[in-house]
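The following exercises invite the reader to work through a structure step by step. Each task is followed by a worked solution.

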Amino acid sequence: MRRTLAAAGFVLVLAGVAGYFVIVLSAPALAPYVRNTAVPNWLLIVAGVLLSIVAVRRPGAGRWLPGVLLGVNVVLAGLFATFLYVTTALTGEGGPAVGRPAPDWALRDQTGKTIRLADFHGSPLLLVFYRGHW
Amino acid sequence: MVDPVETNAELARKAGLAFPILSDPDLRMIDAYGLRHVAAHDGEDIALSASVLIDGAGIVRWTSVARNVRVRPDPAEALAAIDALGTAQP
């Protein structure tokens with residue numbers, strides 16, 4: 001029972017961490033919430049770590065495997081957090097100042113036609129800066 | 001985006017996009033808006049993920065600039081900002 005709990009905890013943490021990359025790499029447009037917040041993944045990870053703790057705290061023999069898996073889970077959770085909030089973090093500010101005139105521009109669209117900021121005078125314009133096709 | 005017009009034409013065709021996709025290979029507009037992300041893609045400079053809402057008078061009214069390369073501006077936030085624009089401009 002203890003080993004089953006410990007194994008279940010490990011599987012949950014693994015699913016939480018690996019699932020993030022599967023979702024983001026295979027279907028980023030379908031899961032912007034997951035990509036931006038990773039909340040479902042964290043729920044799985046927390047549940048997995050809790051199961052690991054329960055497994056370790058149950059009385060009886062055979063404590064080493066649950067102990068090892070708890071350690072692995074904590075390390076995985078730490079690596080995941082490091083990736084989400086440290087490795088991919090950007091430094092510095094960016095973007096134009098709110099309340100100021102938007103910088104002018106004239107660029108070609110996908111048909112080759114030149115489009116200018118002034119073309120949109122009188123109507124609101126939402127500019128979305130993409131990093132590529134994703 | 002920094003891709004050439006031809007790449008954007010292919011993207012628009014494949015994805016069925018009707019809105020203009022601007023090509024900024026020299027990062028002129030991206031720099032004017034302070035959105036260059038240095039060496040972000042195989043050593044090349046590209047734009048930060050960002051949305052900028054400009055009103056009919058050409059004033060910047062709302063911006064959302066990602067502070068993490070994973071994160072994309074939330075479309076719901078942009079829609080709310082557009083709605084707020086409507087109420088602020090009778």
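The exercises below concern a predicted model and proceed from the overall description of one chain to individual side chains.

**Exercise 1. Overall description of chain B**

Task: Determine how many helices and strands chain B contains, and state the order in which these elements run.

Solution.
Step 1. Chain B contains 3 helices and 4 strands.
Step 2. Read from the N terminus, the order of the elements is α-α-β-β-β-β-α.
Step 3. The C-alpha trace of chain B extends over about 45 × 30 × 25 Å along its principal axes.
Step 4. Of the 90 residues in chain B, 44% are buried.
Step 5. Among the contacts in chain B with a separation of 6 or more, 20% involve residues 24 or more positions apart.
Step 6. Chain B has an accessible surface of about 4500 Å², and carbon and sulfur atoms contribute 56% of this surface.

**Exercise 2. Charges and salt bridges**

Task: State how many salt bridges are found over all chains, and characterise the pairs of chain B listed in the solution by distance and exposure.

Solution.
Step 1. Side chains of opposite charge can pair when their charged atoms come close. The criterion applied here is a side-chain nitrogen of Lys or Arg within 4 Å of a carboxyl oxygen of Asp or Glu.
Step 2. A search of the whole structure with this criterion yields 5 salt bridges over all chains.
Step 3. Chain B carries 8 positive and 13 negative charges, and the mean positions of the two sets are 3 Å apart.
Step 4. B:Arg13 and B:Glu10 form a salt bridge with an N to O distance of 3.1 Å. Both residues belong to helix 1 of chain B and are 3 residues apart, about one turn of the helix. B:Arg13 is exposed because its relative accessibility is 58%, whereas B:Glu10 is partly exposed at 33%.
Step 5. The pair of B:Glu10 and B:Arg13 is part of a network of salt bridges that also includes B:Lys14.
Step 6. B:Asp31 and B:Arg36 are joined by a salt bridge of 2.8 Å, N to O. B:Asp31 is partly exposed at 39% relative accessibility, and B:Arg36 is partly exposed at 32%.
Step 7. In the salt bridge between B:Asp55 and B:Arg61, the closest N and O atoms are 2.9 Å apart. B:Asp55 is buried because its relative accessible area is 5%, while B:Arg61 is partly exposed at 31%.

**Exercise 3. The environment of B:Asp24**

Task: Establish where B:Asp24 is found, and which backbone nitrogen atoms lie at polar-contact distance from its side chain.

Solution.
Step 1. B:Asp24 occupies the loop between helix 1 (5-15) and helix 2 (28-32) of chain B.
Step 2. B:Asp24 is buried but has no salt bridge. The nearest side chain of opposite charge belongs to B:Arg28 and is 4.8 Å away, and the cut-off for a salt bridge is 4 Å.
Step 3. The backbone of B:Arg28 must be considered separately: its nitrogen is 2.8 Å from a polar atom of the B:Asp24 side chain.
Step 4. The backbone nitrogen of B:Met29 is likewise placed 2.9 Å from a polar atom of the B:Asp24 side chain.

**Exercise 4. A residue of chain A in contact with chain B**

Task: Decide whether A:Asn36 is buried or exposed, and identify which residues it contacts beyond its neighbours within four places in sequence.

Solution.
Step 1. A:Asn36 is located in helix 2 (residues 32-37) of chain A.
Step 2. Its relative accessibility is 18%, so A:Asn36 counts as buried; the limit for this class is under 20%.
Step 3. With neighbours within four places in sequence set aside, A:Asn36 is in contact with B:Arg70, B:Val71 and B:Arg72.
Step 4. The side chain of A:Asn36 reaches the backbone oxygen of B:Arg72 at 2.7 Å.

**Exercise 5. Sequence separation and spatial distance in chain A**

Task: For A:Ile23 and A:Arg3, and for A:Ala7 and A:Leu51, set the separation in sequence beside the C-alpha to C-alpha distance.

Solution.
Step 1. A:Ile23 lies in helix 1 (residues 2-26) of chain A and is partly exposed, with a relative accessible area of 32%.
Step 2. A:Ile23 and A:Arg3 are 20 residues apart in sequence, and their C-alpha atoms are 29 Å apart.
Step 3. A:Ala7 also lies in helix 1 of chain A and is partly exposed at 35%.
Step 4. A:Ala7 and A:Leu51 are 44 residues apart in sequence, and their C-alpha atoms are 8.9 Å apart.

Note on methods: Residues are numbered from 1 along each chain as its sequence is written. Chains are lettered from A and ligands numbered from 1 in the order in which they are written. This is a predicted model: local features need pLDDT of at least 70, side-chain atom pairs count only at pLDDT 80 or more; totals for chains, interfaces and linings use all residues. Side-chain values use heavy atoms; hydrogens and water are left out. Helices (H or I, at least four residues) and strands (E, at least two) are DSSP runs, numbered from the N terminus. Buried means under 20% relative accessible area, exposed over 50%, partly exposed in between (1.4 Å probe, protein chains only). Contact means heavy atoms within 4.5 Å. Accessible areas come from the Shrake-Rupley method with a 1.4 Å probe; for residues, only the protein chains shown count as cover. Lys and Arg count as positive and Asp and Glu as negative; His and the chain ends are not counted. The place of a charge is taken as NZ of Lys, CZ of Arg, CG of Asp or CD of Glu. A polar contact is a pair of N or O atoms within 3.5 Å; within protein, one must be able to donate a hydrogen and the other to accept it, and residues adjacent in sequence count only if both atoms are side-chain atoms.
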